[in-house]
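Q: I have a structure open and would like to go through it step by step. Could we begin with the overall contact pattern and then turn to details?

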Amino acid sequence: SQSGNAGKFLKTDGSSLSYDSAGITMAQTWRLTSSFGISSNSGGTDVTSNFEIADTYGYGGIGSNMSQSSGIFTFPSTGIYLIQFSAGHTTSGSINWSQIEIRSTQNNGSNWYIAAYGYAGLWNGGAYQSSYCQFMFDVTDTSTHKIKFAVQGSNANSQIVGSSNQNQTIFQFTKLGET
């Protein structure tokens, strides 16, 4: 027979032993539900709408959900999170590049910083490309430490691809451990 401690790690703080849950306790994928055009590279455009938690073809997330308001994501608990942004890009005309960004704040939005970015090169109209970036974020306070996503392009011919049926542009959050 198994004890109630099966599947847990034994840990010590120097004075006593205790059992801790093993594995990832929170993982969630959000996606962009519809495509939109990117403005030129004048500081980027925040992605503020058309988000949903992935919900098709057997999707499975675990743990508490992220929440978002106008594209600003709030974490369900403190901890170290891996944030991943993967985007599909297309273009209606000649363009040199299209960029995605993960932006973080540690003071509830008073200052936002580009924590990570990824590029896609698009040279012909109708071309498709993808980009990816990631960031490990130490969320020590869920009321002040937040994330948002932004995009920009070398001109206004670029577009980020979205769908409510498949993951084309996604935002993934995985809690790796406690802070």
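Q: Among contacts between residues at least 6 apart in sequence, what share joins residues at least 24 apart?
A: In this predicted model, 73% of those contacts in the protein chain join residues at least 24 apart.

Q: How many helices and strands are there?
A: The protein chain has 15 strands and 0 helices.

Q: And what percentage of the residues is buried?
A: Buried residues account for 37% of the 179 residues in the protein chain. The accessible surface is about 9,100 Å², and carbon and sulfur atoms hold 45% of that area.

Q: Let us take one strand. How many residues of S3 are buried?
A: Strand S3 covers residues 26-32, and 6 of its 7 residues are buried.

Q: Which strands does S3 pair with?
A: S3 runs antiparallel to strand S15 (residues 170-177), with 6 bridges between them. S3 is also antiparallel to strand S6 (residues 51-53), to which 3 bridges join it.

Q: Which residues stand opposite each other there?
A: On the S15 side, methionine 26 faces lysine 175. On the S6 side, tryptophan 30 stands opposite isoleucine 53.

Q: Moving on to the interior, how many residues are in the largest nonpolar core?
A: That core has 25 residues. Those with the most contacts inside it are Phe75, Ile83, Phe85, Ile102, Phe149, Phe171 and Phe173.

Q: Which strands supply at least two residues of this core?
A: They are S3, S9 (79-91), S10 (97-105), S12 (128-139), S13 (146-153) and S15. The most comes from S9, which gives 4 residues.

Q: What does isoleucine 102 touch, leaving out residues up to four places away in sequence?
A: Its contacts include Ile83, Phe85, Cys133, Phe135, Ile147 and Phe149. Also among them are Tyr113, Ile114, Ala115 and Ala116.

Q: There seem to be rings to discuss. How many aromatic pairs does the structure hold?
A: There are 15 aromatic pairs in the structure. In one of them, the ring centres of phenylalanine 75 and tyrosine 81 lie 4.6 Å apart with the planes at 50°, so this pair is tilted.

Q: Are those two buried or exposed?
A: Both phenylalanine 75 and tyrosine 81 are buried.

Q: What about tryptophan 97 and tyrosine 119; why is that pair edge-to-face?
A: The planes of their rings stand at 90°, with the centres 5.6 Å apart, so the pair counts as edge-to-face. Tryptophan 97 belongs to strand S10 and tyrosine 119 to strand S11 (residues 113-121), so the pair ties together parts that are 22 residues apart in sequence.

Q: What is the relative accessibility of each?
A: Tryptophan 97 has 23% relative accessibility and counts as partly exposed. Tyrosine 119 has 47% and also counts as partly exposed.

Q: Which residues do ring pairs link into a cluster?
A: The cluster consists of Trp30, Phe51, Phe73, Phe75, Tyr81, Phe85, Phe135, Phe137, Phe149, Phe171 and Phe173.

Q: One last residue, threonine 91. Where is its place?
A: Threonine 91 is in strand S9. This residue counts as buried because its relative accessibility is 5%, and the cut-off for buried is under 20%.

Q: What does the side chain of threonine 91 reach?
A: It reaches the backbone oxygen of asparagine 157 at 3.2 Å. Not counting residues up to four places away in sequence, threonine 91 touches Leu122, Asn124, Gly125, Gly126, Ala127, Asn157 and Ser158.

Notes:
Residues are numbered from 1 along each chain as its sequence is written. This is a predicted model: local features need pLDDT of at least 70, side-chain atom pairs count only at pLDDT 80 or more; totals for chains, interfaces and linings use all residues. Side-chain values use heavy atoms; hydrogens and water are left out. Buried means under 20% relative accessible area, exposed over 50%, partly exposed in between (1.4 Å probe, protein chains only). Two strands pair if DSSP finds at least two bridges between them. A nonpolar core is a set of buried Ala, Val, Leu, Ile, Met, Phe, Trp, Tyr and Cys residues joined through side-chain atoms within 4.5 Å. Contact means heavy atoms within 4.5 Å. Accessible areas come from the Shrake-Rupley method with a 1.4 Å probe; for residues, only the protein chains shown count as cover. Rings of Phe, Tyr and Trp (its six-membered ring) pair if their centres lie within 6.5 Å; planes under 30 degrees apart count as stacked, over 60 as edge-to-face and the rest as tilted. A polar contact is a pair of N or O atoms within 3.5 Å; within protein, one must be able to donate a hydrogen and the other to accept it, and residues adjacent in sequence count only if both atoms are side-chain atoms.
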